[in-house]
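Open the model in your viewer and keep the sequence panel beside it. The stops below say what to select next and what is there.

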Amino acid sequence: MDCALINNLFLLHLLLFEVKFQLTLSFWTERTLCCISTKPEVNNSYDMSCKLKNGQSILERPKKKALQGNPCTKFVYNIKMKSNNSPMDQVFAQNGGCVSLQKAAKDKKNNKNKRRYAFLFRTGVHDVNVNVGYYTSVMGLGLSPTDTTISAVTCQNGDFDYTAGALDNFWRSAENFYTSPTETWNNDVSMLWAVSQASPLRSVHVNGDLQLYQYNYGCCAGYASGGFLANSVVTGNIYSGSQQQWVTRNTQMGGWQGGVWNMVFVGNTGNVPGTHCSNSGGSPYTTVAFTPTIAEKPFLYLNETSGKYFVIVPSPVYDELGPITEFTFANSKQIDFANVYVAQDTDSVATINSKLSQGLHLLLSPGIYNLTSSIVVTNANTVVLGIGFPTLVSINGNACITINSGIGGIRVAGILLQAGPVQSTTLFQFGTPPSSSRKNTEVRNSVAASNNPSFLYDIFARVGGTNDPSVYQVSTDIMLQINSPNVYVDNTWLWRADHGVSGNVYNEDNPCKVGLQVNGDNVTAYGLFVEHTLTNLVEWNGEYGSTYFYQSEFPYDVTSEYGTDGYVSYRVNNDVTHHAAYGVGAYSYFRDNTVYVNSGFQANLGSSDVGFVNAFTVFLNGNGGINHVVDTEGNSVSSANTLSYLC
């Protein structure tokens, strides 16, 4: 069965699956949160209709001032399934069927569609095959991945022509489940997860091998440009195959095979490869023994005894080695859903901000949120958790999310930011930006923030892709701006789209200057992906910053002035004296004009505490090239598929 773009499930957005197919499901329509109770009828079909449990939504009517309840106000759909042998497949089939990714990949509109889904599996054993498509999250609801077993969770190549392969397999995720593979991929019984950027695997337990690429036919395996794996157990081998690059954090593995340009390992256990710089005489591995500071991503938990839902917020850990396989009161905080506002994309920004100001946490359900002003987080220790790729669109030149200065313990996870038709300064602003220079006392010296670190997980942004630039443009100056100290970014892809619904992008359309700008101190990125912005892709002005894995592509559509203006992929401010980067790459494809940039990276290497480990540049195709790797060090790349490593 092909990896499905689950894009014909009517308006079904959230489903909760229960063991033995005695299902209790919840879903969001465009306007209503409803519960669906399903039970076998005498004719062996399932009646799926919207009901309340004891007069309340399964996500519990709120208590006291927490006005977040969404009671079901009407019946929405009745879906009939003819047998109970394969409920999920039948849900797909009854609602328009699964679309082959091979077919869908040729339709550029598929990965820009308006539907969003989160499939939440209750604890137990689920004998189903889940094919994960665009804007889809698959999540278990236990405290440990082994609480929820799913037979197969799969993503195949988006196109079986190897030159396309998995290169457009974006915006999907899977987490918190156990699987013991029985299907064969690449001549091996294994789990298949052939993806590119913005498609994380988290807290999974794979009892066997894991394939991160797919071979279909012909000379080569399908190209892939991933990827991110964290806090997981893979008892067998992980095969990277045709993956250009990948970052793996705090994972126990039986072994790792392969590597094209850049494989980065941070805090892993098992048979972890040792560091080897370059892909000559070995595979390109960068291995860091411990993860300096991390708190795993918040997630949903259903207590099967009480029937209550919670948001689990793992505590920060330091110098961490290997995965955390179960979360308890000792290593996490449990937030009752009575203190969580469940937002829908029909909510106004004023409503959402009112709930946040009351001290509630925020769950963003699947949907597209057209924001006329910014969602503002004002209280310390607030959790904003998105499921099913909620997409936040800037409408009036506003930031989509703003975090006030001077507060720590913030967790924001699982969102897609999107530029709108009015140019914005930024899409995500964390803290107050410096007024005149980066030496902003409030930003750099907030005691509250430095004693209580904040974390951003799976934060994705795009400028363009969904619009036709000949009709209207979208733009922002900076996709993600971090001004506060002690912020940790755990997987982000910041993308000025090189293609979209109207084809390739030319002439610096849909402008964006910078992907990530860091002005705060002690900011760390695990898994940083930035592509195609029109000045420096990353600007790092804060002290004591660090990056563990970086993948970037220079813009395709700039003129020769881009090079003469001195732009680079990753710029560390000249007066920064403490910075570290591990396994970082800059790729060039100057498609439309001859452009030479001086280097992929610029930093004050003369400082005793600024260092780059295994930095490299790649000439993919096109014109011009990159003269050096870091500053004036490293060889030039100016012909197809040439690389230069600075070891």
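Two strands count as paired if DSSP finds at least two bridges between them. With that rule in hand, select strand S33, residues 383-386, in this predicted model.

**Stop 1: strand S33 and its partners**

Show the side chains of S33. Val-383 and Leu-385 point one way, Val-384 and Gly-386 point the other way, and all are buried. In a regular strand the side chains alternate between the two faces of the sheet.

Now add strand S30, residues 361-364. S30 and S33 pair in the parallel sense, over 3 bridges. Pick Leu-362: the residue it stands opposite in S33 is Val-384.

Next add strand S36, residues 411-418. S33 and S36 run parallel and are joined by 3 bridges. Here Leu-385 stands opposite Ala-413 in S36.

**Stop 2: helix H3**

Keep S30 on screen and select helix H3, residues 349-357. Which residues of H3 are buried? They are Val-349, Ile-352, Lys-355 and Leu-356. Turn the view to look down the axis of H3: its buried residues fall within an arc of 130 degrees, so they line one face of the helix.

To see what that face meets, show strand S29 (340-343), S30, strand S31 (368-371) and strand S32 (375-377); the buried residues of H3 pack against these strands. Then step just past the end of H3 to Gly-359, which takes a positive phi of about 100 degrees.

**Stop 3: a three-stranded sheet**

Select strand S25 (299-303) and strand S28 (332-336), then strand S26, residues 308-314. Together they make an open sheet of 3 strands in the order S25-S26-S28, with antiparallel pairing. S25 and S28 are the edge strands, and each pairs on one side only. From one strand to the next, the twist averages 35 degrees.

Zoom in on the S26 and S28 pair. These strands run antiparallel and are joined by 5 bridges. Click Phe-310; its bridge partner in S28 is Asp-336.

**Stop 4: the cysteines**

How many disulfides does the structure hold? There are 2 disulfides. A disulfide is a covalent bond between the sulfur atoms of two cysteines.

Select Cys-277 and Cys-647 to begin. They form a disulfide, with their sulfur atoms 1.9 Å apart. The torsion about the S-S bond of Cys-277 and Cys-647 is about -80 degrees, so this disulfide is left-handed. Cys-277 lies in the loop between strand S22 (269-270) and strand S23 (285-288), while Cys-647 lies in the segment after strand S52 (642-646), so the pair ties together parts that are 370 residues apart in sequence. Are the two ends buried or exposed? Cys-277 is buried, with a relative accessible area of 16%, whereas Cys-647 is exposed, at 67% relative accessibility.

Move on to Cys-219 and Cys-220. A disulfide joins them, S to S 2.5 Å. The link of Cys-219 and Cys-220 is left-handed, with -95 degrees about the S-S bond. Cys-219 counts as exposed at 58% relative accessibility, and Cys-220 is partly exposed, with a relative accessible area of 26%.

Two further cysteines can be selected here. Cys-155 counts as buried at 0% relative accessibility, and Cys-400 also counts as buried at 0%.

**Stop 5: a buried glycine**

Select Gly-542, in the loop between strand S45 (538-540) and strand S46 (545-553). Is Gly-542 buried or exposed? Its relative accessible area is 0%, so Gly-542 is buried. Add Asn-519, which is 23 residues away along the chain; the C-alpha atoms of Gly-542 and Asn-519 are separated by 4.7 Å.

**Stop 6: the whole chain**

Zoom out to show everything. The protein has 6 helices and 52 strands. Of its 647 residues, 64% count as buried. Among contacts with a separation of 6 or more, residues 24 or more positions apart account for 66%.

Finally, colour the model by pLDDT. The protein averages a pLDDT of 84, and 80% of the residues score at least 70. Select residues 1-109: over this stretch the pLDDT is below 50, and beyond near neighbours in sequence the stretch has 287 contacts in the model. Where pLDDT is low, the predicted coordinates should not be read in detail.

Key
Residues are numbered from 1 along each chain as its sequence is written. Side-chain values use heavy atoms; hydrogens and water are left out. Buried means under 20% relative accessible area, exposed over 50%, partly exposed in between (1.4 Å probe, protein chains only). Helices (H or I, at least four residues) and strands (E, at least two) are DSSP runs, numbered from the N terminus. The arc is that of the directions from the helix axis to the C-beta atoms. Contact means heavy atoms within 4.5 Å. Axes are lines fitted to C-alpha atoms, for helices over the stretch in contact, and angles run from 0 to 180 degrees between N-to-C directions. pLDDT is the predictor's confidence in each residue, from 0 to 100. A disulfide is a pair of cysteine sulfur atoms within 2.5 Å.
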